[in-house]
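Got your viewer open and a selection box ready? Load the model below and we'll walk through it one stop at a time.

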Amino acid sequence: MSVLKSKVKVALVQFASGMPEKVVNFQNCQKFVARAMQEQPDTELVVLPECFNSTYATSEFRKNAEVIQDASPSVKFLSDLARKHQITLVGGTIPELDPVNDGVYNTCLIFDKTGKLIARHRKMHLFDVNIPGGITFQESETLKGGNRCTTVDTPHGKLGIGICYDMRFPELAAVSGRRGAFAMVYPSAFNTTTGPLHWHLLARARSVDNELYTLLCSPARVPGSGYQAYGHSLISDPQGNIIAEAGEGEEIIYAELDPEKIQQMRRMIPVVNQVRFDVYHDVSTDAK
Ligand SMILES: O=C(O)CCC(=O)C(=O)O
C-alpha cells in the first residue's frame with residue numbers, strides 16, 4: 001500500500017509569513033529556505049505554511065488572489081525556489097482566483113525539483129467556527145471549497161495533501177492513505193484557541209489511523225498581528241510519536257522519514273489490512 005521508496009529528509013519552514021506585502025513574504029521565505037538548505041543540504045522535501053504569501057484574513061483573500069499560471073508572482077516565486085534548491089516543494093497555500101467561476105480558493109501548489117507545478121489542492125473544508133471567548137472565523141464569507149482529494153506522486157513516493165482545517169476530516173487522510181501516500185502534509189495556521197486543544201491530537205490521530213507520517217507546517221506567531229498563529233509545526237511518525245516540533249517563533253524543523261517505520265507499524269498493528277469493508281464503505285473507492 002504505502003510506498004516510501006527510501007529514506008527522505010524533510011524541512012518544515014515556520015517563518016513569520018502573512019505580512020501584507022507579498023514581496024516581504026517572498027524575501028523572508030527565500031531566506032529561510034536558503035537557511036534550511038545550508039543547515040541540512042541533503043533535504044529533499046520542503047513544506048511552507050498556510051497563506052504564506054499574504055495576510056490570513058477573509059477581507060484579504062480576494063485582494064491577494066492570483067490566477068494559477070506561470071507568470072503569476074507566487075507561482076513564479078515557488079517554481080524558482082524549488083528549481084534553485086532542487087527540492088520537492090509543498091508551497092504552503094496562496095489565495096487562488098479561478099477565472100472561470102470568479103471564485104477564490106485557499107490553494108496549495110506542489111512543485112518538483114525542476115520547478116514544474118505537479119499538483120494543486122484546494123482546501124476542501126472551510127474553516128467556519130464560532131467559539132465564544134475564543135475565535136470566530138468564517139472562511140466561507142469569501143472563499144469557496146475545493147472538490148477533490150489530492151494525492152501527488154513525487155520521487156519519494158505519494159504524498160497526500162490537505163490544508164489546515166482539512167486535517168479534522170479523517171476521510172480525506174484515509175483516501176490518501178488508501179491511495180498509497182506515505183505522508184499527509186498539511187500547510188496550516190491553527191490559532192491560540194484551537195491549537196492547544198487539538199493540534200497535536202489531530203496530527204497523531206491521522207498518523208495512527210493511516211500508519212503514515214503527518215507533517216503540519218504553521219506560520220510563526222507574530223506578537224500584535226491580527227491572526228495569532230499557534231506555531232508548533234510538527235512531524236508525527238506512523239506510530240503517532242512526535243519526532244520534531246517547533247516552538248512559537250521562527251524556526252525550521254527537520255526529520256528523516258524512514259520507510260521501515262511505516263512497515264514496522266503495519267507489521268505490529270496491521271489496522272490498514274484489517275478494515276471491514278464488508279461492513280462499512282471504503283471512502284477511497286468513489287472519492288474524487
Ligand atoms: O481547525 C482548527 O482549529 C483551525 C483551522 C484553521 O485555522 C484553518 O483552517 O485555517
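What follows is a tour of a predicted model, from the ligand through the core to a strand and some helices.

**Stop one: the ligand.** Select the ligand and bring up its shell: Glu50, Phe127, Cys164, Tyr165, Arg168, Ala189, Phe190, Asn191, Thr194 and His198. Colour those residues by type and you get five nonpolar, three polar and two charged. Keep Thr194 in mind, since helix α5 covers residues 194-210 and we'll be back there shortly.

**Stop two: the core.** Now pick Leu12, Val13, Val47, Ala183 and Leu215. They have the most contacts inside the largest nonpolar core, a set of 79 residues. Stay on Leu12 and ask which residues it touches beyond its neighbours within four places in sequence. Show Val47, Leu215, Cys217, Ser233, Ile235, Ile252 and Ile253 and you have the answer.

**Stop three: strand β5.** Select residues 104-111. How many of the eight residues of this strand are buried? Eight of the eight, so β5 is largely enclosed by the rest of the structure. Look along the strand and split the side chains by direction: Val104, Asn106, Cys108 and Ile110 point one way, while Tyr105, Thr107, Leu109 and Phe111 point the other. Both sets are buried.

Next, add the partners of β5:

- Strand β3, residues 88-90, runs antiparallel to β5 and is joined to it by two bridges. Pick Leu89 and you'll find Phe111 as its bridge partner.
- Strand β4, residues 94-97, is also antiparallel to β5, with four bridges. Here Glu96 sits opposite Tyr105. The two strands make a hairpin with six residues between them, and Asp102 in the turn has a positive phi of about 65 degrees.
- Strand β6, residues 117-122, pairs with β5 in the antiparallel sense over five bridges. Cys108 has His121 as its bridge partner in β6. This hairpin has five residues between the strands, and Gly115 has a positive phi near 95 degrees.

**Stop four: helix α3.** Leave the strands on screen and add residues 73-85. This helix of 13 residues reaches 18 Å from its first C-alpha to its last, close to the 18 Å expected at 1.5 Å a residue. Highlight Ser74, Val75, Phe77, Leu78, Ser79, Leu81 and Ala82, the buried residues of α3. They pack against α1 (22-39) as well as β3, β4, β5 and β6, which is a good reason to have kept the strands visible. Right after the helix, check Gln86: its phi is positive, near 55 degrees.

**Stop five: helix α5.** Back to residues 194-210. With 17 residues, α5 reaches 23 Å from its first C-alpha to its last, close to the 24 Å expected at 1.5 Å a residue. Its buried residues are Gly195, Trp199, Leu202, Ala203, Arg206, Ser207 and Asn210. What do they pack against? Add α4 (170-178), β11 (181-187), β12 (213-217) and β13 (234-236) to see. Just past the helix, Glu211 takes a positive phi of about 55 degrees.

**Last stop: Arg267.** Select helix α6, residues 259-268, and pick out Arg267. Is Arg267 buried or exposed? It's exposed, because just 8 other C-beta atoms lie within 10 Å, and 12 or fewer counts as exposed. To finish, draw a distance from its C-alpha to that of Gly162: the two are 105 residues apart along the chain and separated by 27 Å.

Technical notes. Residues are numbered from 1 along each chain as its sequence is written. This is a predicted model: local features need pLDDT of at least 70, side-chain atom pairs count only at pLDDT 80 or more; totals for chains, interfaces and linings use all residues. A residue is near a molecule or strand if its C-beta atom, placed from the backbone, lies within 6 Å of it. Ala, Val, Leu, Ile, Met, Phe, Trp, Tyr, Cys and Pro count as nonpolar, Asp, Glu, Lys and Arg as charged, and the others, Gly among them, as polar. A nonpolar core is a set of buried Ala, Val, Leu, Ile, Met, Phe, Trp, Tyr and Cys residues joined through C-beta atoms within 7 Å. A residue is buried if 20 or more other C-beta atoms lie within 10 Å of its own, exposed if 12 or fewer, and partly exposed in between; C-beta atoms are placed from the backbone. Two residues are in contact if their C-beta atoms, placed from the backbone, lie within 7 Å. Two strands pair if DSSP finds at least two bridges between them. The expected span of a helix is 1.5 Å times one less than its number of residues.
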